[in-house]
Amino acid sequence: MKKHTFLVLIPCILFSCARQVLKEKELPEGKQKILVRSHGDTTSYLFEFRDTVQRRDFLDTFEVFVQEYPFGTIRTDTIDNYVRISVRSEEKKPRAEDTVALSPVQQAIFEESLIETAQDTIDTIVPPAGGSASLYYHRSTIDPHIITLLGASPSPAIHYARPEDTARSVQTVAIQQAAPNRIRLTLNPALKNGKSEQVSAFDIVDAWNTFIKMRPAEGKALFRYVKGIPGLIRGEEAIVPGIQTLDDRSIMIHLSQPDSTATDRLTCPFLFPPALKCGPYYLTGTRNNILSSAANMHYLAGRPYLDNISIRLGGDTNPFLGYSMRHYDIITLYKSKDIAYARSKLLDNSKLVRGWDDLYFIALAHESEEVRKFLVSLIDPEKILRNFVQAEGHVIHALEDTVSGAETPSPSGLPRAPFIGSPLSIVFNSGDPLSLRLAEKLLADITHLGLPCRLDGRDGTDYEKAMAVSDYSLAVGWVPERIRENDGEKLRAAAIWFNDILNEQQRIAEYRELPLFSITHYLLCKKNIDFYQNSLAGAYHTAEE
């Protein structure tokens with residue numbers, strides 16, 4: 001009989017229990033069973049119903065209670081006394097980890113992920129402006145999270161509220177499908193960069209040419225089917241002939257074939273790369289892997305709250321030391337042991353904020369489906385996550401769909417190894433520590449069977465060159481969780497890793513994609529730092545020092 005469940009997590013601030021307590025309450029016939037689990041300062045209640053009707057009756061009663069209860073004002077900043085209730089959808093199959101209460105974040109700040117897209121806010125105050133912060137980011141590249149600080153998309157991800165704000169257009173550029181093979185971009189006349197300079201169409205096209213050469217995979221994802229893009233990536237063109245300036249405010253993009261998704265591809269913050277200085281913060285200097293940036297007073301969605309933010313991109317073998325010496329105000333964490341250490345040792349003057357989830361996967365580009373199928377059969381995402389990665393997360397069966405994603409076919413028993421001529425190559429981004437660990441694990445599993453294989457760690461530009469031309473047998477990749485509701489991110493993933501195959505179930509069935517797991521990232525930060533609208537780009541100083 002199908003089971004219907006309802007999960008309630010109640011973090012109790014006033015007391016905690018060091019040992020986990022588990023008990024099941026047996027109720028009279030016709031009533032639901034209740035599984036109670038206590039761990040640390042969290043108590044979980046898992047209700048089991050006999051059928052869908054009983055489950056819906058319970059939810060209807062609960063909804064009436066929520067609507068009538070006299071709650072206080074809801075805020076998304078620090079919440080010290082709260083109850084979080086999670087309702088699993090009827091169609092979603094319970095995962096084993098859903099029934100286990102993970103250790104809660106002490107002094108929990110945000111239970112939900114940082115949202116880096118436009119949203120309705122329930123913040124009740126306008127954060128103060130001023131101050132600076134330094135961020136240690138564990139990756140050594142400007143990725144989809146960091147670009148929200150330094151880049152700009154057609155519509156801003158966050159509006160920096162001000163009491164004196166007046167109605168105005170915050171769009172950086174208007175995008176119009178002028179014809180099946182042409183796209184017209186018209187710049188907002190008010191668009192200026194952080195140095196108070198007017199930004200022209202010529203500036204943007206020049207920045208795009210440089211960006212595509214430095215970030216060929218991201219450039220391919222943005223400008224897929226634009227005339228001349230393949231030649232520029234291969235070094236055969238100096239500029240992109242398919243991108244033309246009409247005047248100081250207008251750009252025409254010519255496609256080599258009709259593409260109904262072309263405008264969706266251009267919604268990414270990489271459309272205005274950091275070199276244009278049009279993001280919430282703009283670069284004022286770069287030294288080694290440290291980016292210095294200042295608030296862009298001309299950002300169309302409002303001035304960000306910090307005056308300056310310094311970003312160190314990877315390279316620190318002991319960021320906790322730098323944090324304790326106040327070299328960093330914010331550091332990103334994903335390893336279970338680091339998160340546990342922060343929870344137990346560093347929360348007297350700090351807080352731990354749940355940040356975002358990144359979805360890891362393996363892309364397979366070997367021409368032989370037999371070889372791809374064999375390689376997929378060697379990989380056990382659950383064992384890798386539990387025994388090797390040792391990070392907070394859960395196994396996934398698809399990148400784009402949390403419910404109906406097709407599980408990767410896995411033959412019973414180990415199939416016979418096919419003939420493999422030249423050595424297999426495992427390409428990974430050397431600037432991402434987790435990608436390195438995954439690649440090392442893949443190498444160990446493949447060479448254990450006596451198959452020729454080699455690791456090929458590449459930095460940001462070289463990694464993207466390999467992705468742009470599918471120069472690998474296996475590649476380790478990851479995408480932000482927002483791919484599940486963002487069409488632009490889905491197009492980006494297909495263009496970079498999967499040879500433009502948009503149908504994810506097809507990619508999985510053909511053994512071109514192997515979803516692995518979702519990894520949760522946390523921000524350890526000083527107590528006087530908060531995040532407006534739960535956004536990294538909304539960081540600000542509170543009155544508490």
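Start by selecting helix 13 (residues 487–497): nine of its 11 residues are buried, so the helix is largely enclosed by the rest of the structure. Buried here means under 20% relative accessible area, with over 50% called exposed and anything in between partly exposed (1.4 Å probe, protein chains only). Helices (H or I, at least four residues) and strands (E, at least two) are DSSP runs, numbered from the N terminus.

A word on what you are looking at: this is a predicted model, where local features need pLDDT of at least 70 and side-chain atom pairs count only at pLDDT 80 or more, while totals for chains, interfaces and linings use all residues. Residues are numbered from 1 along each chain as its sequence is written, and side-chain values use heavy atoms, with hydrogens and water left out.

**Around helix 13**

Show side chains for the buried set, including Glu-489, Arg-492 and Trp-497. The buried residues pack against helix 4 (216–222), helix 6 (262–265), strand 15, helix 12 (460–468), strand 19 (474–480) and helix 14 (504–509). Now go to the start of helix 13, where a side-chain oxygen of Asn-486 comes within 2.9 Å of the backbone nitrogen of Gly-488. After the helix, click on Asn-499, which has a positive phi, near 55°.

**Over to helix 11**

Next, pick Ser-435 in helix 11 (residues 433–447). Ser-435 counts as buried because its relative accessibility is 1%. Beyond its neighbours within four places in sequence, Ser-435 is in contact (heavy atoms within 4.5 Å) with Tyr-360, Phe-428, Asn-429, Val-476 and Trp-478. Stay on Trp-478 and add Arg-139, which lies over the face of that ring, 3.6 Å from its centre. The rule for a charge over a ring is NZ of Lys or CZ of Arg within 6 Å of the ring centre and within 35 degrees of the ring normal. For another case, select Lys-526, found over the face of Tyr-323 at 3.7 Å from the ring centre.

**Aromatic pairs**

Rings of Phe, Tyr and Trp (its six-membered ring) pair if their centres lie within 6.5 Å; planes under 30 degrees apart are stacked, over 60 edge-to-face, and the rest tilted. That rule gives 11 aromatic pairs. Try Tyr-137 and Trp-356: their centres are 6.4 Å apart and their planes at 45°, so this pair is tilted. Tyr-137 sits in strand 6 (residues 132–137) and Trp-356 in strand 15 (residues 350–364), so the pair ties together parts 219 residues apart in sequence. Both Tyr-137 and Trp-356 are buried.

Then jump to Tyr-160 and Tyr-305, an edge-to-face pair at 5.3 Å centre to centre with 75° between the planes. Widen the selection to Tyr-299, Tyr-532 and Tyr-540, and you have the one aromatic cluster that these form with Tyr-160 and Tyr-305.

**The cores**

A nonpolar core is a set of buried Ala, Val, Leu, Ile, Met, Phe, Trp, Tyr and Cys residues joined through side-chain atoms within 4.5 Å. The largest has 67 residues, and Leu-149, Phe-223, Ile-253 and Phe-272 touch the most other members. Helix 3 (residues 201–214) gives the most to this core, with seven residues. Centre on Phe-272 and you'll find, among the residues it touches, Leu-150, Val-173, Leu-187, Ile-204 and Cys-278. A second, separate core of 33 residues includes Ile-362, Ala-391, Tyr-511 and Leu-514.

**Last stop**

Finish on Val-353 in strand 15, buried at 0% relative accessibility. Draw a C-alpha to C-alpha distance from Val-353 to Thr-332: the two are 21 residues apart in sequence and 9.6 Å apart in space.

Terms used
Polar contact = N/O pair within 3.5 Å; in protein donor to acceptor, adjacent residues only side chain to side chain.
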